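Biologist: I want to learn how to read pockets in a model. Can we work through one together?

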Amino acid sequence: MAPLILASESPRRRALLAQAGIIPDAVLPAAIDETVKKGELPRVHAARLAAEKARKVEAEWDGKPAFILAADTVVAMGRRILPKAADDEEVRACLKRLSGRRHQVITAVTVISPDGRLRGRVAETRVSVLRLSDADIADYVESREGVGKAGGYAIQGRAEMLIKEISGSWSNVVGLPLALTVSLLKGAGHG
């Protein structure tokens with residue numbers, strides 16, 4: 001079987017794949033411009049980035065047939081995409097915005113099969129956050145767990161205590177909807 005190349009540097013995505021018994025043959029992060037285009041909606045943005053990551057890694061791969069798996073996760077409130085928090089202040093700003101409100105976690109997954117065919121799907125999970133006090137936010141910011149995470153939090157860690165409820169795939173909120181991903185890979189002929 002052709003090798004599976006994961007176009008992501010996310011250790012969470014590798015761990016989720018391992019949970020499903022899938023171990024990539026190689027990991028090649030795809031550094032692309034992730035700037036949101038003017039008027040671009042969250043689902044469209046995530047799908048575009050996942051496809052761009054997959055195509056970039058496909059072009060960088062050694063030319064042998066392979067399965068390329070890429071994903072992109074965004075946290076959105078309606079049409080607004082929250083940032084991947086770069087520092088403590090962005091984590092604080094995201095949590096203040098999310099406090100007591102519902103948001104969507106959208107992950108687009110793209111698979112390129114060895115014949116070059118691109119398949120993509122999008123998962124959406126609705127997440128409700130408890131009303132957070134300034135102390136709650138300060139404690140979470142101090143953990144440094146939200147830095148580098150879409151929306152400024154990581155549900156698989158301490159942030160789970162801040163979540164009132166979720167509707168949809170928990171693994172999607174972590175960064176890779178497992179059932180959807182396994183289905184896409186099988187549809188492409190992997191496994």
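Biologist: How many nonpolar, polar and charged residues are in the lining of the largest pocket?

Modeller: Rolling a probe the size of a water molecule over the atoms shows where empty space is left. Here the lining of the largest pocket holds 14 nonpolar, 6 polar and 8 charged residues. Ala, Val, Leu, Ile, Met, Phe, Trp, Tyr, Cys and Pro count as nonpolar, Asp, Glu, Lys and Arg as charged, and the others, Gly among them, as polar. This is a predicted model: local features need pLDDT of at least 70, side-chain atom pairs pLDDT 80 or more, while totals for chains, interfaces and linings use all residues. Residues are numbered from 1 along each chain as its sequence is written, and side-chain values use heavy atoms, without hydrogens and water.

Biologist: What counts as a pocket, and which residues lie nearest the centre of the largest one?

Modeller: A pocket is an open set of points on a 1 Å grid over the protein atoms alone, where a 1.4 Å probe fits, with protein on both sides within 12 Å along at least five of seven lines; lining residues have an atom within 4 Å of a point. Of the 28 lining residues, Ser 10, Arg 12, Arg 13, Lys 84 and Gly 148 lie nearest the centre of the largest pocket.

Biologist: Which residues are closest to the centre of the second largest pocket?

Modeller: Glu 34, His 45, Ile 81, Leu 82 and Lys 84, out of 13 that line the second largest pocket. Its lining divides into 7 nonpolar, 3 polar and 3 charged residues.
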